[in-house]
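Subject: The structure you asked for

Hi,

Here is the structure for you to open up and look around in. My notes on what turned up follow right below it.

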Amino acid sequence: RTPPLPHAMMLGRSRPRWALGRLAMGFVRPPVTATAAAAAAARPLSTSATSPPTTTPDKHMAPLRYGIDPAKLPDQVLDSMSEPVRRVLSLDNARRSEVTRARVQRAIEAFQEREGDTGSSSVQIAVLTVRIEALREHVEKHPKDHNTKRGLEALFTKRRKLLQYLKRKDFDEYREIARALQLV
């Protein structure tokens with residue numbers, strides 16, 4: 001005795017209508033076709049053959065994850081660092097929050113007037129600009145995230161007020177910071 005056919009099969013459809021909707025929303029994986037299987041088989045397992053040759057490490061390389069500064073590491077550590085370790089520590093593989101944190105730290109170092117300065121107007125404007133750029137990327141990717149849009153508008157307002165204050169108090173520094181951060 002054969003099992004009864006699902007209702008969708010009786011109507012001539014290969015899948016029930018609700019399954020087609022779930023497929024469109026990405027809940028159900030589409031069936032693997034012969035071309036997808038062939039493309040997966042043709043893909044190399046190792047990327048070492050296709051990746052560009054590594055350059056010798058130098059002290060001016062980009063900052064690494066977990067707060068590791070290559071400029072503070074001894075040369076022998078940088079020379080002995082393997083490529084997989086270098087990739088793991090690279091900011092290319094970091095979360096978006098880690099990348100933003102590193103950019104904020106670089107902005108602070110670039111605009112601080114003295115060691116440990118995080119509260120001057122120029123540093124605050126630079127930090128707000130980095131945060132605005134990160135949130136702008138997020139809002140472009142998620143246009144219906146209204147809470148983030150609201151937070152972004154608040155950051156815009158805060159930066160605008162700081163720029164107005166700086167313009168009133170020190171016009172030369174205002175022009176310098178506006179040019180450096182490409183706000184003009």
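The chain has 9 helices and 0 strands, so read along the sequence, the pattern is α-α-α-α-α-α-α-α-α. Please keep in mind that this is a predicted model. Of the 184 residues in the chain, 24% count as buried.

Salt bridges

How many salt bridges does the count come to? The answer is 2 salt bridges. As a reminder, side chains of opposite charge can pair when their charged atoms come close.

One of them brings together the side chains of arginine 95 and glutamate 98, at 4.0 Å from N to O. The two partners sit in contrasting surroundings: glutamate 98 has a relative accessible area of 9% and is buried, because anything under 20% counts that way. Arginine 95, at 52% relative accessibility, counts as exposed, the cut-off there being over 50%.

The other salt bridge is between arginine 96 and glutamate 137, whose closest N and O atoms are 3.5 Å apart. This pair ties together distant parts of the chain, 41 residues apart: arginine 96 belongs to helix H6 (residues 96–111), and glutamate 137 belongs to helix H7 (residues 121–141). Here both partners fall in the partly exposed class, with arginine 96 at a relative accessible area of 47% and glutamate 137 at 38%.

Helix H9 and what surrounds it

Which residues make up the aromatic pair that a search of the whole structure finds? The search gives 1 aromatic pair. Its members are phenylalanine 171 and tyrosine 174, with 5.8 Å from centre to centre and 35° between the planes, which makes the pair tilted. Why are these two about one helical turn apart? Because they are 3 residues apart in helix H9. Phenylalanine 171 is partly exposed at 39% relative accessibility, whereas tyrosine 174 counts as buried at 19%. The tyrosine 174 value is under the 20% cut-off, so the buried label applies.

Helix H9 (residues 171–180) also holds aspartate 172. Aspartate 172 is exposed, with a relative accessible area of 52%, and is one of the residues in a patch of negative charge on the surface. The patch gathers Glu113, Asp170, Asp172 and Glu176. If you colour the surface by charge, those are the residues to look for.

Contacts across the sequence

Two more pairs are worth a look when you have the model open. Glutamate 153, in helix H8 (residues 146–169), is 21 residues from isoleucine 132 in sequence, and their C-alpha atoms are 9.0 Å apart in space. Glutamate 153 is itself exposed, at a relative accessible area of 54%.

Then there is glutamine 182, in the segment after H9. Buried or exposed? Glutamine 182 is exposed, with a relative accessible area of 71%. In sequence, 53 residues separate glutamine 182 from threonine 129, while the C-alpha to C-alpha distance in space is 9.9 Å.

To recap the pairings, there are 2 salt bridges and 1 aromatic pair. Again, this is a predicted model.

Cheers

Terms used. Residues are numbered from 1 along each chain as its sequence is written. This is a predicted model: local features need pLDDT of at least 70, side-chain atom pairs count only at pLDDT 80 or more; totals for chains, interfaces and linings use all residues. Side-chain values use heavy atoms; hydrogens and water are left out. Patches are made of residues with over 30% relative accessible area and no salt bridge: like charges are joined within 9 Å, nonpolar side chains (Val, Leu, Ile, Met, Phe, Trp, Tyr) within 5 Å. Accessible areas come from the Shrake-Rupley method with a 1.4 Å probe; for residues, only the protein chains shown count as cover. Lys and Arg count as positive and Asp and Glu as negative; His and the chain ends are not counted. The place of a charge is taken as NZ of Lys, CZ of Arg, CG of Asp or CD of Glu. Helices (H or I, at least four residues) and strands (E, at least two) are DSSP runs, numbered from the N terminus. Buried means under 20% relative accessible area, exposed over 50%, partly exposed in between (1.4 Å probe, protein chains only). Rings of Phe, Tyr and Trp (its six-membered ring) pair if their centres lie within 6.5 Å; planes under 30 degrees apart count as stacked, over 60 as edge-to-face and the rest as tilted.
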